[in-house]
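User: Hey, can you walk me through this one? I'd like to start with the helices.
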Amino acid sequence: MLADSPVVAYAVKQTNGQLELLGDIYEAAPYGYVIKKDQTEFAQAVADAVKALITDGTYKTILEKWGVQGGAIDNPAVNP
């Protein structure tokens, strides 16, 4: 099957070894959060929260749980 890499990684993980990932991820791009442009304080709060999760290791733990660590970011930004 072909789908978004996080979707496929999760699906493969659910098969308990019956399926495996093949090939490399291509045209990868990070996911983001959609926040109205006029909500700049909220947008910065979300970025700061993600940065805190990265700093304390929670972000890595979550990505590893779902098998999507290949899509990790290291510097959350508002409207990059």
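User: At what angle do α1 and α3 pack, and how far apart are their axes?
Analyst: Keep in mind that this is a predicted model. In it, α1 and α3 pack at an angle of about 60°, and their axes are 8 Å apart.
User: Ok, and why would α1 be called oblique to α3?
Analyst: Because of that angle of about 60°, α1 counts as oblique to α3. The roughly perpendicular range only starts at 65 degrees, and roughly parallel needs an angle under 35 degrees.
User: Which residues in α1 and α3 meet?
Analyst: From α1 you have Ala9, Tyr10 and Lys13, and they meet Glu64, Lys65 and Trp66 in α3.
User: How many residues of that contact are nonpolar, polar or charged?
Analyst: The contact of α1 with α3 has three nonpolar residues, three charged ones and no polar ones.
User: Switching to charges, how many salt bridges does the structure hold?
Analyst: There's one salt bridge. Lys60 forms it with Glu64, and the closest N and O atoms are 3.9 Å apart.
User: Where do Lys60 and Glu64 lie?
Analyst: Both are in helix α3, four residues apart, which is about one turn of the helix. Glu64 also turned up earlier, among the α3 residues that meet α1.
User: New topic, pockets! What volume does the largest pocket have?
Analyst: Its volume is about 1700 Å³. The largest pocket is lined by 50 residues, and the closest to its centre are Pro6, Ala29, Pro30, Tyr31 and Gly71.
User: Which elements give two or more residues to that lining?
Analyst: Those are α1 (5-14), α2 (40-56) and α3 (58-66). The largest share, six residues, comes from α2.
User: And how does the lining divide into nonpolar, polar and charged?
Analyst: For the largest pocket, the lining has 34 nonpolar residues, ten polar and six charged.

Technical notes:
Residues numbered from 1 in each chain as written. Predicted model: local features only at pLDDT ≥ 70, side-chain atom pairs only at ≥ 80, totals over all residues. Heavy atoms only, no water. 1 Å grid on protein atoms, 1.4 Å probe; cavity = no way out; pocket = protein on both sides within 12 Å on 5 of 7 lines; lining within 4 Å. Points joined across faces, edges and corners; volume = space filled by probe spheres on them. Nonpolar A, V, L, I, M, F, W, Y, C, P; charged D, E, K, R; others polar. Axes fitted to C-alpha atoms, helices over the stretch in contact; angles between N-to-C directions. Parallel < 35°, antiparallel > 145°, perpendicular 65-115°, else oblique. Contact = heavy atoms within 4.5 Å. Salt bridge = Lys/Arg side-chain N within 4 Å of Asp/Glu carboxyl O.
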